[in-house]
Each structure stands twice: as C-alpha cells, then as structure tokens.
Amino acid sequence: MDDNRLYAIGEVARRTGLSVSAIRFYSDEGVVAPARVTAAGHRLYDVHAIARLEFVSTLRDLDAGLEDIRRLLDGSVTLTDLATAHLSRLDDQARRIRSRQAVLRTIARQHTEAEQVVLLHKLAGMSDEERERLIDDFWSEISDGLAATPAFLDLLRSERPVLPEEPGTEQLEAWIELANLLQDADFRRAVHEQLHETVSTPGAQVMMSPEVLGSFDRGGAIFQRADQARRDGVPADSPQGREIADAYTDHLRELMGEPDSTELRRRLAADVLRVEELHLESIAEAAGPRDPHTRYQSLVGIINGTSQDAADFMPFAWLSAALEMSPARATSGCPPRGDVPDAGNP
C-alpha cells in the first residue's frame, strides 16, 4: 500500500474485512479517526489508520471491550496489561461455563427432579471453606462410635477431595456427585456400617495399629521407588534393582522374623505378583458397581486427579524380577514381631 495515498471508506472496508458501518462506528467513537474528511463529508484513511483498524478488529475478535481498546490506543494501559486483565476475565467465564456444564450433565444423566436442580447448582459453586466443612462433618459422623484406632481414623480422614483451581468437567461432575452423597443420610449410614464391619473383624485392631500401618507406609515407599525405576527404564538386574530388592527383602524379613535367603526372595517375588492381581482387581472394582466407601474413594480419585496414577502404577513385575535376580545376603535372623501383615502385602 502507498504510504501517501488516502483510501475511501469502501476500499478500506474491502481491505480490512470490516463493514462500512463498523468503520464509521470506530470513527464516531474516537477509536480510529480518518486521516481526512472531505468537504462533502467523505472519510479518507491512510495506511496507518487502516493498520489501526485491523488491530482494533483483531482485539474485538478476541472479545476485548471497546473501552479497554480505547485506553490501550491512548497509552493509558499496555498491551500486556490488557491481555492479562482480559485473560483473567475469560478464565472466570470458563470456570463458570465448566460449572454449568457439570450441573447440566449431571441433571441429564441422573434424570434429576426439579427440586434438586438448585441443590446441584449450589454444590458446584461451593467455596473451599464450604467444601472442607462438608467433608469434616461427614467424617465426624462416620467415625462417631467407630471402634478404630486413632491412626486408622487419621488414615481414613486423609482421603479428602481437593478440587483444583482449574477443575475439568469430569472433576466437577465427580465433586457434584460426591457432595450430593455426603449429604445423603442413607449413604452416610451405609459407609458407617461398612467401616464398622471392617474394624470388627478378627485381627482388625492389629492391622490398624500404628506399627502395622507404618509398615505399609514403608513398603509402599519401596513400591514407589520400584515403579519410578521401571518408568526410567532401569533394568531389574541393575545395581539399583538389587538395592531396591534388598530394601524390600529387609523390610519383609524383619516383619516375618526370617533371615535373608534365596528361598525367601523367591517367595517374596511370587507374593509381589499376587499383590499385582489384587491391585488390578481393585482397579476393576472401582470401575464397576461399588460399595459405598469404594465409591467415595473412586470419586476422590477423580477429583484429585489420582485415578490414572493408580492405573499406571505397575511396579510389580519389575520388583518381582529384581527379587528373583538379586542374590541373598548373609544376615542374622530377626525375632518375630507378633501378628504382622502377610508377606504379599507391602
């Protein structure tokens, strides 16, 4: 384009894709003034005005407000300031849209009655404090009168949903379902009865003791190391593989009161594969019909974004191979420590 030429409004419209009325509007609003107005009242634009119109058109396509554009063009704000503020507004709108989508999908999926719509909308829009209070109230009622050790109750209460600042639609839908369940008296009663039955089984108090729960934590940490090594492509028969196999063997032989041996490592290797079977069964159980507490755990996993982590957690074959291929070390026997978990459990 010729820097010195002036263009009639019709040609400017063809070059910019804007309508003639839009160009007149921006002129009348003082956003993009013509370079000159003829005695007959015709507006003429130079290349700078045309470039300015194209810039304004782009900002409008990005849904920027006219007042914001005016402040940008007169130098009151920078382009970065405008983009940051507008992005924040769009983020807020996106959150509201996701919330509405989650409510509408829940209504459609559950054939929700009219009187429940207001409740679902409120559940989707709860504040962090309101969500925490709802969960605290739920666990206070569930644990009331439960003959469980404090350590076991702490473990149960640690399974808390934490909705991220930018939740996905699936996470919002899971939260709406969970929040609805947490306020349902039948669901709370069913979870309480299920946990009461669990803690009433023979040996439950031993399994809930801090010592045994601590052993599960230690074993779980070793499984985490094994899974990370597997993900990193570390061979099971490498020095790192032998180190992890030694740590797992030491952990279990102390609980079992046995010295290290080739036979012990073979048994542990077989037990680890049985743990894998249990892990896969738990994943399948979470995807199918669920008992109340399993449903709670499944929804928490979706909300916290850990469901896929559980499905991807597969250190078992790697650790079993490491145990099979690592040599036993000379150790002294350890005195038995009473009733302990089966060797197949971490």
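In this predicted model, M325 is in contact with A236 and D237, leaving aside its neighbours within four places in sequence. M325 belongs to helix α17, which covers residues 316–325. Along the chain, M325 and A236 are 89 residues apart, whereas their C-alpha atoms are 7.8 Å apart in space. M325 has a relative accessibility of 44% and therefore counts as partly exposed, since the range for that class runs from 20% to 50%.

The chain as a whole contains 17 helices and three strands. Of its 346 residues, 39% count as buried. Its accessible surface comes to about 19,000 Å², and carbon and sulfur atoms account for 52% of that area. Among contacts between residues at least 6 apart in sequence, 70% join residues at least 24 apart.

Confidence varies along the chain. The mean pLDDT is 81, and 81% of the residues reach 70 or more. Strand β3 (residues 43–45) has the highest confidence, with a mean of 94, and helix α11 (residues 204–207) the lowest, with a mean of 62. Over residues 333–346 the pLDDT is below 50, although this stretch has 36 contacts in the model beyond near neighbours in sequence. Where pLDDT is low, the predicted coordinates should not be read in detail.

The largest nonpolar core consists of 26 residues, of which F138, W139, W175, L178, L182 and Y296 touch the most other members. Two or more residues each come from α7 (128–143), α8 (150–157), α9 (169–182), α10 (185–199) and α15 (292–304). Helix α9 gives the largest share of this core, six residues. A second, separate core has 23 residues, including Y7, I50, V56 and V77.

Y296 has contacts with several residues beyond four places in sequence, among them I135, F138, W139, L178, L182 and F187. E159, R160 and P161 are also touched by Y296.

Aromatic rings form eight pairs in the whole structure. In one of them, the ring centres of W139 and Y296 are 5.4 Å apart and the ring planes lie at 90°, so the pair is edge-to-face. This pair links distant parts of the chain, with W139 in helix α7 and Y296 in helix α15, 157 residues apart. Both W139 and Y296 are buried. The rings of F313 and F316 also make an edge-to-face pair, because their planes are at 90°, with the centres 6.0 Å apart. F313 counts as buried at 16% relative accessibility, and F316 is buried with a relative accessible area of 3%. Ring pairs further join F138, W139, F187 and Y296 into a cluster. A ring is also involved in a charge placement: the charged end of R131 sits over the ring of W175, at 5.9 Å from its centre.

Three further positions lie towards the N-terminal part of the numbering. V20 is found in helix α2, residues 20–28. With a relative accessibility of 27%, V20 counts as partly exposed. Setting aside residues up to four places away in sequence, V20 touches I9, G10 and A13. V20 and I9 are eleven residues apart in sequence, and the distance between their C-alpha atoms is 6.6 Å.

D63 occupies the loop between α3 (47–61) and α4. Most residues other than glycine have a negative phi. The phi of D63, however, is near 70°, a positive value in a residue other than glycine. D63 counts as partly exposed, at 49% relative accessibility.

D68 lies within helix α4, which spans residues 66–73. The relative accessibility of D68 is 17%, so this residue counts as buried, the cut-off being under 20%. Apart from neighbours within four places in sequence, D68 is in contact with V77, L82 and R89. Among these partners, V77 is one of the residues of the second core.

Conventions: Residues numbered from 1 in each chain as written. Predicted model: local features only at pLDDT ≥ 70, side-chain atom pairs only at ≥ 80, totals over all residues. Heavy atoms only, no water. pLDDT = per-residue confidence, 0-100. Helix = DSSP H or I, 4+ residues; strand = E, 2+ residues; numbered from the N terminus. Contact = heavy atoms within 4.5 Å. Buried < 20%, exposed > 50% of the residue type's maximum accessible area, 1.4 Å probe, protein only. Areas by Shrake-Rupley, 256 points an atom, 1.4 Å probe, with all protein chains shown as cover. Core = buried A, V, L, I, M, F, W, Y, C linked by side-chain atoms within 4.5 Å. Phe/Tyr/Trp six-rings, centres within 6.5 Å; stacked < 30°, edge-to-face > 60°. Lys NZ or Arg CZ within 6 Å of the ring centre and 35° of its normal.
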